[in-house]
Amino acid sequence: MKKIAVFTSGGDSPGMNACVRAVVRGGIYKGLEVFGIIRGYNGMIQGNIIPLQSHSVSNTIQKGGTILKSARSKDFMTPEGRKKAFENIQKLGIEGIVAIGGDGTFRGAAEFYKEYGIPTVGCPGTIDNDLYGTDYTIGYDTAINTALDAIDKIRDTADSHDRVFFIEVMGRDSGYIAIACGIAGGAEIVMVPETLMDSDEVASILQAGWNRSKTSSIIVVAEGDEEGNAQEVAEKIKTLLPNQFDIRVSTLGHIQRGGSPTARDRILASRLGLAAVDGLLAGYKNVMAGVINDQIVFTPFEDTFQKDKPISQEMIEMVKILSI
Ligand code: F6P
């Protein structure tokens with residue numbers, strides 16, 4: 001293998017640049033030519049592919065976002081789109097690819113491998129931490145610290161005004177962000193898609209806290225919770241307990257996707273980027289490089305998005321115990 005390419009795709013996450021940097025420098029260190037594909041699968045289809053040198057990734061390890069840009073490509077979901085992408089990869093003589101992204105990215109990569117057999121190794125880049133095959137994804141640590149900083153600030157004003165705050169964090173299908181910053185932020189309740197908690201239960205926990213002289217509360221709601229988003233749950237509580245609480249809603253949104261990556265994310269990203277290059281050179285294909293119990297592990301793409309990575313029951317239990 002002499003030429004490889006790297007791209008970032010799907011929702012960006014802090015640390016993606018550190019990962020790109022590791023792929024570029026790790027590849028050059030091993031004697032490879034490295035190309036960057038701009039805007040994920042869209043760039044592959046449009047032939048937006050550029051050579052990268054060591055200096056191309058200078059001064060990027062501390063930057064949020066992705067210097068290679070990102071996209072959620074609809075065209076790559078079509079056989080025509082993938083054919084064009086393959087032709088562009090072939091034209092440049094690229095023999096291996098490193099895909100940095102989440103489940104959508106790996107679904108695309110698995111399909112592409114099935115059709116064209118280009119060896120691809122993935123690096124888990126998503127704030128959601130919802131991929132099977134790695135304990136942590138690149139960007140998760142930064143995102144939970146960003147959300148935590150916001151929760152701490154909201155707690156100050158919640159306490160001053162004796163208010164109940166519903167705070168929505170990201171996670172369409174996953175409660176990893178919610179559970180982590182809920183525990184670290186001392187939330188009274190955490191609502192995640194992985195467990196069922198309806199508004200009646202939320203109301204009775206709030207009521208019980210009120211009876212124990214709690215004057216303010218924080219409820220962290222994952223955006224994909226089955227009971228609704230933070231606004232919807234707050235409305236249900238207002239109906240169930242009219243005039244009992246002064247309720248406010250705060251949706252943290254895309255603030256969680258940006259910012260300079262934490263040390264943990266930079267180190268994880270650097271480690272996984274180098275592992276992906278080593279994996280390609282060792283003949284791995286159609287797999288994601290992850291870290292499990294501090295060891296590099298390669299997991300088939302299909303498993304990363306098909307198998308469940310459940311939130312530990314211990315974490316769910318912790319919220320209950322620590323909020324009495
Ligand atoms: O997958 C990462 C993520 O940030 C999810 O938590 C969120 O639901 C989604 O992306 C938002 O996507 P977009 O930026 O395309 O609206």
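**Exercise 1. Identify how the side chains of Lys83 and Glu87 meet, and place both residues in the fold.**

Solution. The side chains of Lys83 and Glu87 form a salt bridge, with 3.1 Å from N to O; the term requires a side-chain nitrogen of Lys or Arg within 4 Å of a carboxyl oxygen of Asp or Glu. The model is predicted, so local features need pLDDT of at least 70 and side-chain atom pairs count only at pLDDT 80 or more, while totals for chains, interfaces and linings use all residues. Residues are numbered from 1 along each chain as its sequence is written, and side-chain values use heavy atoms, leaving out hydrogens and water.

Next, locate the pair: both residues belong to helix H3 (residues 79–91), four residues apart, about one turn of the helix. Helices are DSSP runs of H or I with at least four residues, numbered from the N terminus. An α-helix has 3.6 residues a turn, so residues three or four places apart point the same way.

Finally, classify exposure, where buried means under 20% relative accessible area, exposed over 50%, and partly exposed in between (1.4 Å probe, protein chains only). Lys83 is partly exposed at 46%, and Glu87 is partly exposed at 36%.

**Exercise 2. Examine helix H4 (residues 103–116): its span, its buried residues and its salt bridge between Lys114 and Glu111.**

Solution. Begin with the span, for which the expected value is 1.5 Å times one less than the number of residues. For the 14 residues of H4 this gives 20 Å, in agreement with the 20 Å between its end C-alpha atoms.

Then list the buried residues of H4: Thr105, Phe106, Gly108, Ala109, Ala110 and Phe112.

Turn to the charged pair. The closest N and O atoms of Lys114 and Glu111 are 3.6 Å apart in their salt bridge. The two residues stand three apart in H4, about one helical turn. Lys114 is exposed at 61% relative accessible area, whereas Glu111 is partly exposed at 29%.

Last, inspect what follows the helix: Gly117 comes after H4 and has a positive phi, near 65 degrees.

**Exercise 3. Determine which residues are joined with Arg248 and Asp246 in one network of salt bridges.**

Solution. First, the side chains of Arg248 and Asp246 meet in a salt bridge of 2.9 Å, N to O. Arg248 is partly exposed, with 34% relative accessibility, and Asp246 is partly exposed, with 32%. Salt bridges with shared partners then join Arg163, Asp246 and Arg248 into one network. The salt-bridge count comes to 14.
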